Amino acid sequence: MLHESTGGFGGPSGDELTVPMAWLYAEYIADEVLRTGDLMPPTSFEYRAGRDALALTVFLSDTRGELSGIRVVAQLETWLTLTAHDKAWQDWVRERLDGLAADAAAARGPAPDLVLAEAAWRWLEETELLAPDLDAVPGGGPGPGEDDVPKVWTPAWQLGLPLGHLAIQLF
């Protein structure tokens, strides 16, 4: 399966439409893994953060330029390792995006997959979501309800990455 489709109009040159198949496929895989885990409503920002973080992991872990196809199950362990808490995931994402950008610049061809991946990364970095503060020390009052839990603004990737990791484990 090819990474991109031009709708039967030849190669990716000129003004022809190039469909970002690798990115769309990565989003599809991420969406299926998250839906199977049933951790968040698909309409929530938290779900989007998880889907984008997982889609970036799927897309950027494809180092050979192939789509996973039926090998998705074989890739789960790799994705689980990449999304683990003790890994520097955000540094890995930046390095892979920079490498792909350099490759695209050298090829001087369209890189619609990369454009969408970079947009997802920008959203994950620039968007902050209000999440429970896991570092807060609970007070001496009555047991906290959902509204009583201390909350902190958190970059979306910091919330989406563990959500994606958990969804992979549940898949």
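Helices (H or I, at least four residues) and strands (E, at least two) are DSSP runs, numbered from the N terminus. Everything below comes from a predicted model, where local features need pLDDT of at least 70, side-chain atom pairs count only at pLDDT 80 or more, and totals for chains, interfaces and linings use all residues. Residues are numbered from 1 along each chain as its sequence is written, and side-chain values use heavy atoms, with hydrogens and water left out.

**View 1. Asp52 and Arg48 pair up within helix H2.** The two side chains form a salt bridge (a side-chain nitrogen of Lys or Arg within 4 Å of a carboxyl oxygen of Asp or Glu), with the closest N and O atoms 3.5 Å apart. Helix H2 covers residues 45-60, and Asp52 and Arg48 sit four residues apart in it, so about one helical turn separates them. How accessible are the partners, starting with Asp52? Asp52 is buried, at 3% relative accessibility, while Arg48 is partly exposed at 33%. Here buried means under 20% relative accessible area, exposed over 50%, and partly exposed in between (1.4 Å probe, protein chains only). Shared salt-bridge partners also tie Arg48, Arg51 and Asp52 into one network.

**View 2. Arg94 meets Asp91 in helix H4.** This salt bridge spans 3.3 Å from N to O. Both residues lie in H4 (residues 89-107), and because they are three residues apart, the separation is about one helical turn. Arg94 is partly exposed, with 34% relative accessible area, and Asp91 is partly exposed too, at 36%.

**View 3. Arg94 also reaches Glu125.** What is the N to O distance in the salt bridge between Glu125 and Arg94? That distance is 2.8 Å. The pair links distant parts of the chain, 31 residues apart: Glu125 belongs to helix H5 (residues 112-126) and Arg94 to helix H4. Glu125 counts as partly exposed, at 33% relative accessibility. Counting up the whole structure gives five salt bridges.

**View 4. Leu39, Met40, Leu166 and Leu170 make a nonpolar surface patch.** The patch comes to about 290 Å², with accessible areas taken from the Shrake-Rupley method with a 1.4 Å probe; for residues, only the protein chains shown count as cover. Patches are made of residues with over 30% relative accessible area and no salt bridge: like charges are joined within 9 Å, nonpolar side chains (Val, Leu, Ile, Met, Phe, Trp, Tyr) within 5 Å. Where does Met40 sit? Look in the loop between helix H1 (21-37) and H2. Met40 is partly exposed, with a relative accessible area of 31%.
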